[in-house]
Amino acid sequence: MRFDTRLRTSLVALATLLAPLAGCDDTPTTAVVTNAYAPAAATSVFEVWWSTTLFPRPVAAGATSETERTVPASDFAYALLAPGWSPESGGAPPRLVAVRSADPLSVAAHDRLRIVVSPDTFVGDCATGPPLDEDDAQLIVERIFPGAFAGASYDPATCRTTPASGDGGDAGGPDASADADQDGG
Amino acid sequence: MPRRLSPLAALVAAALAVGGAAARAQAPAPEPVEPPSLKERGTAVYPPEALARRLEGAVGLEADLDATGRVVDVRVITPAGHGFDEAAVEVARHFSFEPARRRGVPVASTVRFSYEFHLPPPPQPLPPALPERAGAAPVGTTIVLGQRPLSAASSFSVQDRDFQLRPIGSVQDILRVTPGLVMVQHSGGGKANQYFLRGFDADHGTDLALSIDGVPINLVSHAHGQGFADTNFIIPEVVERVEITKGPYFPSQGDFATAGAVNMVSREAFEHSSVALGLVDSPGHGAAGYRGLAIASPRFGDAPISATFAAEVGRTNGPFDNPEGWDRYKLFNKLTFHPSGASTLSLTEMSYAGNWHGSGQLPARAVAEGLVGRFGSIDPDEGGDTARHQLALAYRLHPTDTSELRVMAYVATYRFDLFSNFTLFLRDPDDGDEIEQVDRRTFYGGKASYRIVHTLGRVSFDTTLGADARSDDIHEELWDTLHRERLAAVRSSDVHETFMGASLNEEIAPARWLRADVGGRVDLLSFSVDDRLASASGVDAAHQLSPKASLVVTPLDRPRATLDLYANYGHGFHSNDVRGVFATPAVTPLARAKGEELGARARLFDRWDLAAALWRLDLASETVWNGDDGTTAVSDPTTRQGIELETRYEPTPWLAADLELTFTKSRFSTDRENGGGLALAPRQTWAGGLSGRHALGPGVARGGLRFYGIGDRPATDDGALTAPGFTQLDLHLGWRHRWFDVAFDVENLLDGTFRSAQFATVSRLRTEPAVGAPVPAGFSCGSNARLAPGPTAGRFYGCEDVDYTPAYPLTIRLLATLYLD
């Protein structure tokens with residue numbers, strides 16, 4: 001067999017081998033958070049947790065978060081809202097509201113999950129809809145975002161945080177959690 | 001006048017018993033012996049009587065070779081009668097061989113082969129000639145070339161022809177030729193594998209010294225784990241031979257050679273230039289990957305120089321939900337110059353860079369609860385990138401026929417960034433426990449040895465003096481991270497570490513049936529640590545003297561039965577991460593190992609090999625897994641005792657079966673009521689299979705059906721948790737034509753769902769109770785897991801669970817190679 005014939009034959013064979021690759025999708029599964037609160041409401045999404053993925057950066061009303069890598073799953077999303085606070089304003093939010101997606105959110109392999117946070121898709125924002133039940137609130141406050149509520153108690157019925165000492169008024173927020181972040185190792 | 005037949009009419013099979021030849025060299029050698037290979041052969045005169053009666057036959061021969069490869073004596077060990085024996089002996093006397101070599105020096109040896117007489121074949125198209133290499137049989141022969149040597153004496157060499165009968169997708173697959181060595185992948189393809197050998201779960205290589213062409217692969221005081229040995233920078237096709245030793249019995253070996261040592265030897269040249277493309281896929285899981293390979297091996301006429309250039313690119317995704325996307329390139333360039341017949345100079349360059357996403361180790365409870373799938377990930381940001389570039393210069397000179405000088409020097413640069421999350425949300429319930437381990441280093445070193453063989457009366461002496469040195473300039477960091485962004489620095493250190501060693505080995509052979517090796521080595525380690533964030537800095541040094549001795553007796557040396565008995569004793573060591581020397585509590589820089597071994601090796605009927613070894617290894621301290629920061633720490637002294645059994649049987653000249661079993665008991669030397677044994681120490685391993693090679697159509701087909709596995713083992717020192725074992729079955733099929741080769745592998749043929757790397761780790765899932773909170777009524781960490789102890793009873797401090805990397809499901813690999821010249 002002449003070399004050029006061999007080469008041609010081989011290129012065809014290699015192309016045949018490569019063909020299955022064209023159908024292979026190794027795009028990673030991803031997720032983003034969209035804050036669908038009306039800009040006028042000035043409600044930021046402070047943090048979001050879904051399945052195995054944390055969105056640690058606040059998302060202003062009408063904005064979308066950075067894309068994070070995730071894996072296929074179906075789970076509720078949990079979020080902290082910061083009413084009346086904007087990421088650009090600096091400092092800590094004066095108040096945090098714990099919310100949960102109304103339904104489990106799912107994403108298939110190689111797809112992108114868009115977690116839309118709005119009064120229609122999340123429950124627990126006392127200003128816009130029904131409150132969270134106690135179990136969900138406890139899960140969010142004590143396990144999902146414990147740092148945000150360290151040293152304070154959260155009332156899902158009123159969406160108010162009070163210091164554990166019981167002296168009344170709003171408390172909590174990121175500043176209150178600073179000392180608790182590294183504990184427990 | 002007897003009639004002479006053409007080579008094609010009288011097909012001759014000179015089947016070199018490669019391993020057997022080495023094993024039965026005149027003085028059975030615990031040092032790796034490069035077996036002799038056939039250089040020139042003649043064609044026998046077909047016995048007239050047999051020709052007249054249309055008889056065929058095969059004569060088993062045993063030939064004694066001198067150190068030049070000349071045949072000095074030939075004996076018939078399997079007669080065929082009808083004049084075949086005499087004809088075979090006569091032609092074999094005129095064969096010539098490349099002599100066997102021990103550490104490069106030609107030595108006398110004994111080789112067995114069969115000489116087959118075949119009548120002229122019926123008229124049919126003859127297969128085209130395959131590329132012939134010294135020692136290989138001519139086309140059309142039906143022999144198994146890859147006979148594996150035995151290991152009861154802890155030392156042997158495995159040729160590339162053995163690799164070809166197995167699925168080979170990476171260098172790790174090549175290393176599986178080591179009897180008793182089981183490897184599992186760990187968090188994806190970009191990281192070093194996990195090695196199990198002689199009762200060690202050698203986390204990335206702590207007690208297994210790996211090298212290529214003498215350049216160490218293990219990295220001291222590595223950011224991820226002591227002795228981290230990532231072989232991913234090696235293109236598997238460039239490995240010509242693997243030299244394997246077990247135990248600390250060999251003076252030439254220093255750091256990490258406690259359980260064993262493996263040195264891969266790269267090729268000087270390829271027979272053909274080639275291009276290859278491969279695909280890998282796990283149907284139903286993940287995404288396919290590819291591998292491209294190009295090899296150029298140009299000729300330079302009669303110039304005494306050879307060159308090889310090889311390049312590999314690839315992308316692997318694995319079966320994971322979080323595609324691995326392991327993109328990589330590898331280069332191998334080697335120039336070899338023969339200034340004279342007695343000297344060789346070679347320059348080898350190797351480069352590798354890769355990046356990937358790992359899926360981490362999944363807590364078993366997270367999968368059981370349905371939080372993630374079996375191939376899921378809890379922190380999809382795990383993974384990393386790494387690179388290694390090394391240059392090695394080697395010189396070998398034979399000043400006389402009985403002496404050899406070897407000198408080599410190397411320099412390498414290395415980069416490593418690894419993102420991991422072992423404890424999940426235990427330390428930081430808000431941002432998670434993701435960490436980044438950073439390692440930047442330049443290391444350089446060299447080795448020199450001088451060997452001389454001499455005799456005094458009937459006693460022969462083989463003396464080797466050696467020296468080696470290595471320096472590592474290291475910068476390491478440990479960061480808390482989130483989504484691969486740095487949050488806080490945890491550690492940052494500059495480390496300088498220098499090893500210097502000298503060795504002596506005296507081999508004394510007073511008789512053909514007796515040989516003793518005595519010697520040892522002395523090692524000096526000096527080091528400095530500059531801790532940039534804390535006060536754990538300092539300068540220190542340590543040294544160790546390691547005596548070694550071996551005795552080899554051959555009580556039985558008959559044509560159809562040989563038996564070798566071995567006794568070995570030796571001290572060795574592995575170094576510890578020197579950053580720990582200045583930490584609290586401080587660790588010792590060198591951990592002494594003391595090994596003892598009794599072994600036997602037999603070959604029966606020229607087709608059945610048997611080997612057994614009874615060994616013990618005491619280690620002054622153990623490296624143990626620390627899940628908090630993904631590093632290792634040291635433990636109390638340990639003792640391991642074990643039995644290794646091997647057998648290989650060739651029912652036909654083209655088919656071989658083998659089986660390896662190991663049984664090990666591991667424990668702390670002092671009784672601390674940890675009756676379960678050492679965490680993760682393997683108790684039983686097994687491997688074996690069928691492999692063969694046979695002419696098929698215009699080429700040669702090859703195949704192998706192989707299994708390997710490991711038994712259940714304790715995941716914790718107290719044995720409360722178990723790391724379940726597994727058995728994996730692999731299939732390899734291949735067909736080699738003059739111009740192309742096709743290899744088809746199926747890994748995990750039975751699609752078993754088992755675990756690969758495993759660790760008992762205390763971790764916390766995000767939805768589990770907060771650390772320090774009361775444990776809710778009814779809460780459980782799951783089966784084969786338990787609540788981690790803490791300062792206050794009844795409160796939650798994490799779950800100690802068995803975290804694991806899932807084994808690949810049924811995975812298909814296809815590699816097509818086109819030869820260009």
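Select A:Leu80 to begin: leaving aside residues up to four places away in sequence, A:Leu80 touches A:Phe46, A:Glu47, A:Leu96, A:Val97, A:Ala98, A:Phe145 and A:Ala148, where two residues are in contact if their C-beta atoms, placed from the backbone, lie within 7 Å. The model is a predicted one, in which local features need pLDDT of at least 70 and side-chain atom pairs count only at pLDDT 80 or more, while totals for chains, interfaces and linings use all residues. Residues are numbered from 1 along each chain as its sequence is written, and chains are lettered from A and ligands numbered from 1 in the order in which they are written.

Next, widen the selection to the core. The largest nonpolar core has 135 residues, and those with the most contacts inside it are A:Leu80 together with A:Val48, A:Ala79, A:Leu81, A:Ala98 and B:Leu208. Such a core is a set of buried Ala, Val, Leu, Ile, Met, Phe, Trp, Tyr and Cys residues joined through C-beta atoms within 7 Å; a residue is buried if 20 or more other C-beta atoms, placed from the backbone, lie within 10 Å of its own, exposed if 12 or fewer, and partly exposed in between. Strand 24 (residues 403–420) of chain B gives the largest share of this core, 7 residues. A second, separate core of 20 residues can be selected through B:Tyr46, B:Ala63, B:Phe84 and B:Phe97, which are among its members.

Now show chain A alone as a cartoon. Its secondary structure comes to 3 helices and 12 strands, these being DSSP runs numbered from the N terminus (helices are H or I, at least four residues; strands are E, at least two). Of the 185 residues in chain A, 39% are buried. An open sheet of 3 strands in chain A has the order 4-1-9, with mixed pairing, and two strands count as paired if DSSP finds at least two bridges between them. Strand 4 and strand 9 (112–117) of chain A are the edge strands, each pairing on one side only. Strand 1 (residues 30–35) of chain A runs parallel to strand 9 of chain A over 6 bridges, and A:Val32 can be picked out opposite A:Arg114 in strand 9.

Bring chain B back and select the contact between the chains, which takes 35 residues from chain A and 39 residues from chain B. On the side of chain A that touches chain B, the elements giving two or more residues are helix 1 (3–22), strand 4 (68–69) and helix 2 (134–144), with helix 1 of chain A providing the largest share, 7 residues.

Finally, turn to chain B, which has 6 helices and 46 strands and in which 54% of the 821 residues are buried. Colour domain 1 (18–117) and domain 2 (263–766 + 800–819) of chain B, whose bounds come from an automatic or database domain assignment; their C-alpha centres lie 36 Å apart. Then select strand 19 (residues 305–316) and strand 20 (residues 326–340) of chain B, which run antiparallel and are joined by 12 bridges, with B:Ser306 opposite B:Thr336 in strand 20. Strand 20 of chain B is also joined by 12 bridges to strand 21 (residues 343–357) of chain B, again antiparallel, and here B:Lys334 has B:Thr348 as its bridge partner. The hairpin between strand 20 and strand 21 of chain B passes through 2 residues.
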